[in-house]
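Please open the model in the viewer and keep the selection tool at hand. The tour below proceeds from one selection to the next.

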Amino acid sequence: MKGICCLLIFSLVATQSFALYEADSKVVKLTKDNFKTLVLESNEPWLVEFYAPWCGHCKALAPEYNKAAKALDGIVHIGALDMTTDGEAGQPYGVNGYPTIKYFGVNKGDPIAYEGERKKNAIIDYLLDKAREFALNRLGVEIKPEPSNDDSKVVVLTDADFDEQVLSSQEAWFVEFYAPWCGHCKQLQPEWNKLSHQADIPIAKVDATAQKELASKFNIESYPTIYFFPAGNKQNTHKKYEGERNAAALLKYIKEQKPIDGQSQKAGSDVVNIKSDDSLNEVCKQLCVLGFLPTDKVEQEDGVQVLKKTALSLTGRANVGWFVGEQFDDFEAELNVIGEGYPQVVVLDLSAKKHYRFRRQLTVDNLNEFVKGVIKKTETGQSFSNLPKLNAQKTDL
């Protein structure tokens, strides 16, 4: 009698521990008896998990799978088949490990392996994409994958170079975290490529399924996830983009962003007349644009106005200051400015210890383009060891 009681208790515990999906779950219990009727002969899409009740990965998946099934109730069928009791139904589908998840879409005889993240958001995104494809197929619309090659200027980032490229940069960045199989990501791709030609900041992408450290660091749970990293300080300042996924909306969002590192639009547009080392050090903290202007007041004011307008577009990226030409000739000599007439402009990058000579006509567009080239490291500069000191200001001019 004692042995029978122990056997009954063991059976009860085993049954309870193997019950990954309760009776009220929206996950449909599939068996060898109903699999053909419910799934294979259905005119609707199904996602099917082939599992074993003792499998740790299956137990970890169960709560996420339950939540996805609840969210998609009435939209896409989500089912689960216990291979330990009804394995013959799953045998034709190459189930060699648990859980194996297959999507049964238009062609029920050739289901597609789900290889995405085992989280509710990822499962939902995947199935909504598949439901759209399924519906368009009913209308006779052929779904063509986006071409893998394009002429985009999108920067591909990895675990190895993300910090150096993005977080250490004074430039703003717009970054998409995607999955190669994600339908929404494929729809975004041509718009993201178009944006890379239109935006004046780097547009980048990260394959979150391959770059695991970055996916974990930025809590990527669904695809695509898009973050804006503002100019200047990037310590916990990134913002998630939640708007429309077309180039026009994305570009509008970029233009609306303000600097995060304590520089207001008004402060960023100030152009300082530098007359001392203190004012020079205040302007040249990271990246600075230095104008050397003529003594003629009219020409000088024209140069100041160009610098002011340029400063407005560089808010949060670079500070701007100016000198009266030949006031600090030793300083000018250090920057190879002296003896070439005015106006002259030099851009100093304190972090890279380089200075860059601007040699074009002094217009807002030309100077903007040049400074952004310095930021993106497409311009060539000369190295220096330390920020030069100002010599005594001349008083006889």
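What follows is a sequence of stops in a predicted model, each with a selection and a description.

**Stop 1: strand E4 and its partners**

Begin by selecting residues 100–104, which make up strand E4. Five of the five residues of E4 are buried, so the strand is largely enclosed by the rest of the structure. Colour Thr100, Lys102 and Phe104 in one shade and Ile101 and Tyr103 in another: the two groups point in opposite ways from E4, and all are buried.

Next, add strand E2 (residues 46–51). E2 and E4 run antiparallel and are joined by five bridges. To locate one of these, select Phe50, whose bridge partner in E4 is Thr100. Then add strand E5, residues 112–113, which pairs with E4 in the antiparallel sense over two bridges. Here Tyr103 stands opposite Ile112 of E5.

**Stop 2: helix H4**

Keep E2 displayed and select helix H4, residues 83–90. Which residues of H4 are buried? They are Met83, Asp86, Gly87, Ala89 and Gly90. To see what these buried residues pack against, show helix H2 (35–40) and strand E3 (77–82) together with E2.

**Stop 3: strand E7 between two partners**

Move to residues 173–178, strand E7, where six of the six residues are buried. Both faces of the strand are covered. Trp173, Val175 and Phe177 lie on one side, while Phe174, Glu176 and Tyr178 lie on the other.

Now select strand E9 (residues 225–229), which runs antiparallel to E7 and is joined to it by five bridges. Within this pair, Phe174 has Phe228 of E9 as its bridge partner. Strand E8 (residues 203–207) is likewise joined to E7 by five bridges, but these two strands run parallel. In E8, the bridge partner of Glu176 is Lys205.

**Stop 4: helices H7 and H9**

Select residues 183–198 for helix H7 and residues 247–256 for helix H9. At what angle do H7 and H9 pack? The angle is about 45 degrees, and the axes are 9 Å apart. The two helices are therefore oblique to each other, and their crossing is right-handed.

For the contact itself, display the side chains of Leu188, Glu191, Trp192, Lys194, Leu195 and Gln198 on H7, and of Ala247, Leu250, Leu251 and Ile254 on H9. The residues of this contact divide into seven nonpolar, one polar and two charged.

**Stop 5: the six-stranded sheet**

Finally, display the open sheet formed by six strands in the order E11-E13-E12-E14-E15-E16, with mixed pairing. Strand E11 (271–273) and strand E16 (382–383) stand at the edges; each has a single partner strand, so one side of each is left without a neighbour in the sheet.

Within the sheet, select strand E12 (residues 287–293) and strand E14 (residues 344–349), which run antiparallel and are joined by six bridges. Val289 marks one position in this pairing, with Val347 of E14 as its bridge partner. To complete the view, add helix H14, residues 364–375, which packs on the sheet and touches E12, E14 and strand E15 (354–358). The direction of H14 makes about 155 degrees with that of E15.

Key. Residues numbered from 1 in each chain as written. Predicted model: local features only at pLDDT ≥ 70, side-chain atom pairs only at ≥ 80, totals over all residues. Heavy atoms only, no water. Axes fitted to C-alpha atoms, helices over the stretch in contact; angles between N-to-C directions. Helix = DSSP H or I, 4+ residues; strand = E, 2+ residues; numbered from the N terminus. Parallel < 35°, antiparallel > 145°, perpendicular 65-115°, else oblique. Left-handed = near helix turned anticlockwise from the far one by under 90°. Contact = heavy atoms within 4.5 Å. Nonpolar A, V, L, I, M, F, W, Y, C, P; charged D, E, K, R; others polar. Buried < 20%, exposed > 50% of the residue type's maximum accessible area, 1.4 Å probe, protein only. Pairing = 2+ DSSP bridges.
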